[in-house]
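Let's take a walk through this fold together, starting with the overall layout and then going helix by helix. Have the viewer open as you read.

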Amino acid sequence: MSQRLRSFSFAWAGLRYLIASEHNARIHLGATVLVLVAAAGLGVDRIEFLLLLIAIGWVWFAEAVNTSIERLADAVTLEHHPQLKLAKDLSAAAVLIGSIVAAAIGIVIFLPRVIDLLAL
C-alpha cells in the first residue's frame, strides 16, 4: 500500500512541475476552470459534461507527454538534432490536435447556450 501511495506522490510532483514550469499548462489550467464553471453555469447535461471531461483530460495528457518528451530530449543533448526536433514537434502537434478537438467540442456544447442567452 505504501508503494502505491508513493507512486501517487510522484505523479502529483509531476503535475505540480508541469503547472509551475510550463506556460501552456497554466493556460490549460485557466481554460479547464473556465470550462468547468461554464458547464455548471450553463447547465450542460451529463453526456456533454462527460465529453468536456474527456476533452480536458486529453489536452492535459498530451501536454504532460509533450513536456516529458521535451525534457528527455534536452537531457540527451541541447545541441540541434533533427530526430529530437521531430520528436518535439510531433509531441507539440499532439497538444495542438487535442486542443483543436477540445475547442470544437466546447463550441458545439456552449455556442447554442450562449446564443440562447444573448437572445433573451
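Helices here are DSSP runs of H or I with at least four residues, strands are E runs of at least two, and both are numbered from the N terminus. Before we dig in, a word on provenance: this is a predicted model, where local features need pLDDT of at least 70, side-chain atom pairs count only at pLDDT 80 or more, and totals for chains, interfaces and linings use all residues. Residues are numbered from 1 along each chain as its sequence is written, and side-chain values use heavy atoms, with hydrogens and water left out.

The big picture is quick to describe. The protein has four helices and zero strands, so along the sequence you read α-α-α-α. Its C-alpha trace spans about 60 × 40 × 20 Å along the principal axes. The radius of gyration, taken over C-alpha atoms, is 18 Å, whereas a compact globule of 120 residues would come out near 14 Å; that globule rule is 2.2 Å times the number of residues to the power 0.38. Of the 120 residues, 21% count as buried, where buried means under 20% relative accessible area, exposed means over 50%, and partly exposed is in between, using a 1.4 Å probe and protein chains only. As for contacts (heavy atoms within 4.5 Å), residues 24 or more positions apart account for 71% of those with a separation of 6 or more.

Now zoom in on α2. This helix has 20 residues and reaches 28 Å from its first C-alpha to its last, close to the 28 Å expected at 1.5 Å a residue; the expected span is 1.5 Å times one less than the number of residues. Its buried residues are A25, H28, T32 and A39. Seen down the axis of α2, these fall within an arc of 50 degrees, so they line one face of the helix; the arc is that of the directions from the helix axis to the C-beta atoms. It helps to recall that an α-helix has 3.6 residues a turn, so residues three or four places apart point the same way. On the face turned away from the buried side of α2 you'll find the exposed residues H23, L34, V37 and G41. What covers the buried residues of α2 includes α1, α3 and α4.

Which residues does T32 touch, not counting those up to four places away in sequence? They are I56 and W60. T32 sits in α2, which runs over residues 23-42, and counts as buried because its relative accessible area is 14%. G30 is also found in α2, but with a relative accessible area of 40% this glycine is partly exposed. G30 and L15 are 15 residues apart in sequence and 15 Å apart in space, C-alpha to C-alpha. After α2 comes G43, whose phi is positive, near 65 degrees.

Next up is α3, residues 46-76. With 31 residues, α3 reaches 45 Å from its first C-alpha to its last, close to the 45 Å expected at 1.5 Å a residue. At the start of α3, a side-chain oxygen of D45 reaches to within 3.1 Å of the backbone nitrogen of I47. The buried residues of α3 include L52, A55, I56, V59, W60 and N66. Among what covers the buried residues of α3 are α1 (2-21), α2 and α4 (82-119).

That brings us to α4. S91 has its place in this helix and counts as buried because its relative accessibility is 6%. Beyond residues up to four places away in sequence, S91 touches N66 and I69. A102 is in α4 too, and is buried with a relative accessible area of 19%. With the same sequence neighbours left out, A102 touches A55 and V59. The C-alpha atoms of A102 and D74, by contrast, are separated by 29 Å, with their positions 28 residues apart along the chain.Finally, look for the nonpolar core, meaning a set of buried Ala, Val, Leu, Ile, Met, Phe, Trp, Tyr and Cys residues joined through side-chain atoms within 4.5 Å. The largest one has five residues: A39, V44, L52, I109 and F110. Leaving aside its neighbours within four places in sequence, F110 is in contact with V35, A38, A39, L42, V44 and L52. In soluble globular proteins, nonpolar side chains tend to be buried together.

Methods
Polar contact = N/O pair within 3.5 Å; in protein donor to acceptor, adjacent residues only side chain to side chain.
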